[in-house]
Amino acid sequence: MRLSKFFLPVSKDAPADAAIVSHQLMLRTGMIRQNGAGIYSWLPMGFRVLKRIEQIVREEMNRAGAIEMLMPTLQQADLWRESGRYDDYGKEMLRIKDRHERDMLFGPTNEELITDVFRTYVKSYKQLPLNLYHQQWKFRDEVRPRFGVMRGREFLMKDAYSFDLTEDDARASYRKMFCAYLNAFDRMGLTAIPMRADTGPIGGDLSHEFIILADTGESAVFCDKTLLDLPAPGLDLDFNSDLTPIVEERTRFYAATEEMHDEAAFNALPEDRRVSARGIEVGHIFYFGTKYSKPMNAVVQGPDGQMVPVQMGSYGIGVSRLLGAIIEACHDENGIVWPESVAPFDVGLINMRPGDEACDAACETLYAAMTAAGREVLYDDTDDRAGAKFARMDLIGLPWQTTVGPRGLADGKVEVKNRKTGEKHDVKIDDMLAQLKGS
Ligand code: ATP
Ligand code: MG
């Protein structure tokens with residue numbers, strides 16, 4: 001992509017109404033534009049990152065055996081009356097009437113819809129286990145939308161729903177999602193810590209929030225330092241194997257949000273292992289048994305011929321919130337430092353002297369070669385001052401910068417900079433081209 005042809009409305013100043021660094025940086029780099037409180041347009045730069053995060057989530061859901069589909073944003077109220085939640089949900093649910101005076105709502109979540117799909121088509125335990133998911137916009141009329149995409153009113157969520165015959169099977173489905181989440185967040189360059197969450201009236205031990213540590217997090221969290229260094233299960237994990245040991249390894253250490261915190265248990269840890277910090281919830285998984293299947297009559301025939309309500313769990317990831325969370329975790333005083341896995345472009349190519357024949361020719365050659373090698377390149381071919389170009393490239397945080405200027409070119413060289421480490425070195429253009437060809 002040539003910057004002169006792209007749409008990247010970068011601004012110099014930190015917007016006054018953005019309280020946290022990720023929100024400031026998303027506005028400054030022209031990733032989002034607010035329409036109303038908690039409602040945003042995703043401008044091209046933000047949209048590219050959103051799509052990459054969505055794709056990682058998709059790949060890890062699929063790897064764990066979940067199946068993608070798509071449910072609507074607008075729903076009829078009827079199903080929510082069946083589950084009893086139409087009255088219970090409260091003001092966070094945006095209620096709408098259509099032209100026939102039918103009660104509609106903008107979906108804050110999808111348990112009712114998916115349970116209806118399930119009960120329509122699945123009648124036998126032989127079709128289980130089943131895990132269906134989608135990535136769709138949700139609307140929750142939050143009292144206090146803030147921090148940009150972190151707490152929006154309209155936000156993108158991945159929500160998966162598992163269906164099993166028995167509680168044991170449902171626990172196995174839960175463990176798959178637990179491991180898939182660790183892998184997905186790890187791929188985004190994040191250390192997400194599963195913390196026991198409140199299961200409400202259902203009870204039990206099967207609800208975890210996945211928390212990223214960040215000073216600007218909304219909730220106070222407490223955990224054992226050991227958890228920060230546990231590696232993710234890895235992409236070669238066999239999801240058909242018994243995942244109990246992996247889940248146990250990560251749930252035997254102390255980790256709790258404020259609501260679940262047990263001061264005495266925490267203080268029993270050696271002092272140097274006590275981490276008391278702030279956290280951002282990027283995911284939440286939940287086993288809720290027959291909470292929806294019973295009232296909505298989603299039953300399957302078991303091996304003994306009996307009809308029983310299906311066992312369900314739901315598994316959410318805050319896809320749009322993750323942009324903010326990643327920036328909170330990955331930035332420095334000059335701007336964003338994207339992890340390679342979610343960066344909007346892989347390489348920023350800077351032409352120091354557009355109009356100079358040699359510079360232009362070298363840039364065109366590199367641009368074509370990088371693109372042919374599968375790299376996404378943002379080519380800064382604008383007439384801006386070199387200093388402004390460097391500052392902008394640092395601000396938008398692409399993992400690699402390649403700078404082409406007359407001085408280096410005289411020796412057939414360009415400068416390559418790693419955004420994260422700041423390390424720079426000169427590379428011969430011929431070597432770079434040969435390497436790109438081989439990749
Ligand atoms: P929170 O406690 O942050 O209000 P929640 O527990 O109500 O979230 P869930 O129903 O568990 O949210 O939704 C699944 C995921 O969706 C959350 O883990 C979070 O990452 C994301 N999410 C929830 N609400 C918002 C929001 N208002 N804006 C952006 N992301 C959100
Ligand atoms: Mg939650």
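**Exercise 1. Charges over rings**

Find which ring face Arg48 lies over in this predicted model, and do the same for Arg95.

*Solution.* Start with the cut-off: CZ of Arg has to be within 6 Å of the ring centre and within 35 degrees of the ring normal. Arg48 lies over the face of Phe345, 3.9 Å from the ring centre. Next, turn to Arg95: its partner is Tyr86, and here the distance to the ring centre is 4.7 Å.

**Exercise 2. Classifying two aromatic pairs**

Decide whether the pair Phe178 and Phe210 is stacked, edge-to-face or tilted, then treat Tyr254 and Phe266 in the same way.

*Solution.* Two quantities are needed, since a pair of aromatic rings is described by the distance of the centres and the angle of the planes. Centres within 6.5 Å make a pair; planes under 30 degrees apart are stacked, those over 60 are edge-to-face, and the rest are tilted.

Step 1: by this rule the structure has 15 aromatic pairs. For Phe178 and Phe210, the centres are 5.6 Å apart and the planes stand at 65°, so this pair is edge-to-face.

Step 2: place that pair in the chain. It links distant parts, with Phe178 in helix 6 (residues 167-187) and Phe210 in strand 10 (residues 207-213), 32 residues apart. Phe178 and Phe210 are both buried.

Step 3: the ring centres of Tyr254 and Phe266 are 5.5 Å apart with planes at 45°, so this pair is tilted. Here, too, distant parts of the chain are linked: Tyr254 belongs to the loop between helix 7 (244-251) and strand 12 (255-257), while Phe266 is in helix 8 (residues 263-267), 12 residues apart. Tyr254 and Phe266 are buried as well.

Step 4: look for a cluster. Phe178 and Phe210 form one together with Tyr181 and Phe185.

**Exercise 3. The cavity and its lining**

Work out how many cavities of 30 Å³ or more the structure holds, and which residues line the largest cavity.

*Solution.* A search of the whole structure gives 1 cavity of that size. The largest cavity holds about 50 Å³ of space. Its lining consists of Tyr40, Trp42, Trp137, Val149, Gly152, Glu154, Phe155 and Ser320. Sort these by class and you get 5 nonpolar, 2 polar and 1 charged residues. Finally, check the strands: strand 2 (39-42) and strand 8 (154-164) each contribute at least two lining residues.

**Exercise 4. The end of a helix**

List the buried residues of helix 11 (residues 386-396), and say what follows this helix.

*Solution.* Going along helix 11, the buried residues include Lys389, Arg392, Met393, Asp394, Leu395 and Ile396. Gly397 then follows the helix, with a positive phi near 75°.

Key: Residues numbered from 1 in each chain as written. Chains lettered and ligands numbered in written order. Predicted model: local features only at pLDDT ≥ 70, side-chain atom pairs only at ≥ 80, totals over all residues. Heavy atoms only, no water. Buried < 20%, exposed > 50% of the residue type's maximum accessible area, 1.4 Å probe, protein only. Helix = DSSP H or I, 4+ residues; strand = E, 2+ residues; numbered from the N terminus. Phe/Tyr/Trp six-rings, centres within 6.5 Å; stacked < 30°, edge-to-face > 60°. 1 Å grid on protein atoms, 1.4 Å probe; cavity = no way out; pocket = protein on both sides within 12 Å on 5 of 7 lines; lining within 4 Å. Points joined across faces, edges and corners; volume = space filled by probe spheres on them. Nonpolar A, V, L, I, M, F, W, Y, C, P; charged D, E, K, R; others polar.
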